[in-house]
Amino acid sequence: QVQLVESGGGLVQAGGSLRLSCVASGRTFSSYAMGWFRQAPGKERDFVAAINWSGGSTDSVKGRFTISRDNAKNTVYLQMNSLKPEDTAVYYCAARRYSDYSVLPSAYDFWGQGTQVTVSS
C-alpha cells in the first residue's frame, strides 16, 4: 500500500507560480511511475503530467508546468508557472505500480487526497 500526501496548493494571481509536492510512503517509490491530474468542479479528472522511474516525463501543459521527482525523498513535484484562471482545480497526485507512466487516470493504483489550486484573474 502506498499513501500519497499533496501540499503546496493555494490562491495565486494569474501569471504567478506554485510548486506542488507529493510525498509517498513505502520503499518502492522509485520503481513507480507518478502522475498529476486535476479536476475542476463539474468536470472530469484530466491528465496534467507524468514521470517514469528514471525521470522521463510528459505533460499536457507545454511550457508552463514541469514535473520532477526526487527518489531519495520519495517526492514528486509539479512546478506551475504562468498560471491562468483556467488552471483552477483540485490537483491530485497518483502512483502507478509500473515503471512506465500513463496519461489515463484508470492506470493509476494509488491517489492522494488532492490540493486546491485557485488562480484569480
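**Figure 1. Ser82, a partly exposed residue with a positive phi.** In this predicted model, Ser82 has a relative accessible area of 41%, so it counts as partly exposed. You'll find Ser82 in the loop between β8 and β9, the latter covering residues 89–96. What is the phi of Ser82? It comes out near 50°, a positive value in a residue other than glycine. That's worth a look, because most residues other than glycine have a negative phi.

**Figure 2. Asn74, in the loop between β7 and β8.** Here we look at the loop that joins β7 (65–70) to β8 (75–80), where Asn74 is found. Is Asn74 buried or exposed? Its relative accessibility is 19%, and the cut-off for buried is under 20%, so Asn74 counts as buried. The phi of Asn74 is near 55°, again positive in a residue that isn't glycine.

**Figure 3. Asp87 and Arg38, a salt bridge between buried residues.** The closest N and O atoms of Asp87 and Arg38 are 2.9 Å apart. This pair links distant parts of the chain: Asp87 is in the loop between β8 and β9, while Arg38 belongs to strand β4 (residues 33–39), and 49 residues separate the two. Both partners are buried.

**Figure 4. Asp87 again, now with Arg64.** The side chains of Asp87 and Arg64 also meet in a salt bridge, at 2.7 Å from N to O. Where does Arg64 lie? It's in the loop between β6 (57–59) and β7, whereas Asp87 is in the loop between β8 and β9, so once more distant parts of the chain are linked, here 23 residues apart. Arg64 is buried, just like Asp87. Put the views together and you get a network of salt bridges linking Arg38, Arg64 and Asp87.

**Figure 5. Arg97 and Asp109, a salt bridge within one loop.** The closest N and O atoms of Arg97 and Asp109 are 3.4 Å apart. Both residues sit in the loop between β9 and β10 (110–111), so the pair ties together parts that are twelve residues apart in sequence. How exposed are the two partners? Arg97 has a relative accessible area of 49%, so it is partly exposed. Asp109, at 33%, is partly exposed too. The structure holds three salt bridges in total, and this is one of them.

**Figure 6. Stepping back to the protein chain as a whole.** How many helices and strands does the protein chain have? There are zero helices and eleven strands, so a walk from the N terminus on takes you through one β element after another. The C-alpha atoms fill a box of roughly 40 × 25 × 20 Å along the principal axes. A compact globule with 121 residues would have a radius of gyration near 14 Å, and the 13 Å of this chain agrees with that. Of those 121 residues, 45% count as buried. Among contacts with a separation of 6 or more, 60% come from residues 24 or more positions apart.

**Figure 7. The surface and the charges of the protein chain.** The chain exposes about 6200 Å², and carbon and sulfur atoms supply 47% of that area. As for charges, there are 12 positive and 9 negative side chains. How far apart are the centres of the two sets? They lie 4 Å apart.

Conventions: Residues are numbered from 1 along each chain as its sequence is written. This is a predicted model: local features need pLDDT of at least 70, side-chain atom pairs count only at pLDDT 80 or more; totals for chains, interfaces and linings use all residues. Side-chain values use heavy atoms; hydrogens and water are left out. Helices (H or I, at least four residues) and strands (E, at least two) are DSSP runs, numbered from the N terminus. The radius of gyration is taken over C-alpha atoms; the globule rule is 2.2 Å times the number of residues to the power 0.38. Buried means under 20% relative accessible area, exposed over 50%, partly exposed in between (1.4 Å probe, protein chains only). Contact means heavy atoms within 4.5 Å. Accessible areas come from the Shrake-Rupley method with a 1.4 Å probe; for residues, only the protein chains shown count as cover. Lys and Arg count as positive and Asp and Glu as negative; His and the chain ends are not counted. The place of a charge is taken as NZ of Lys, CZ of Arg, CG of Asp or CD of Glu. A salt bridge is a side-chain nitrogen of Lys or Arg within 4 Å of a carboxyl oxygen of Asp or Glu.
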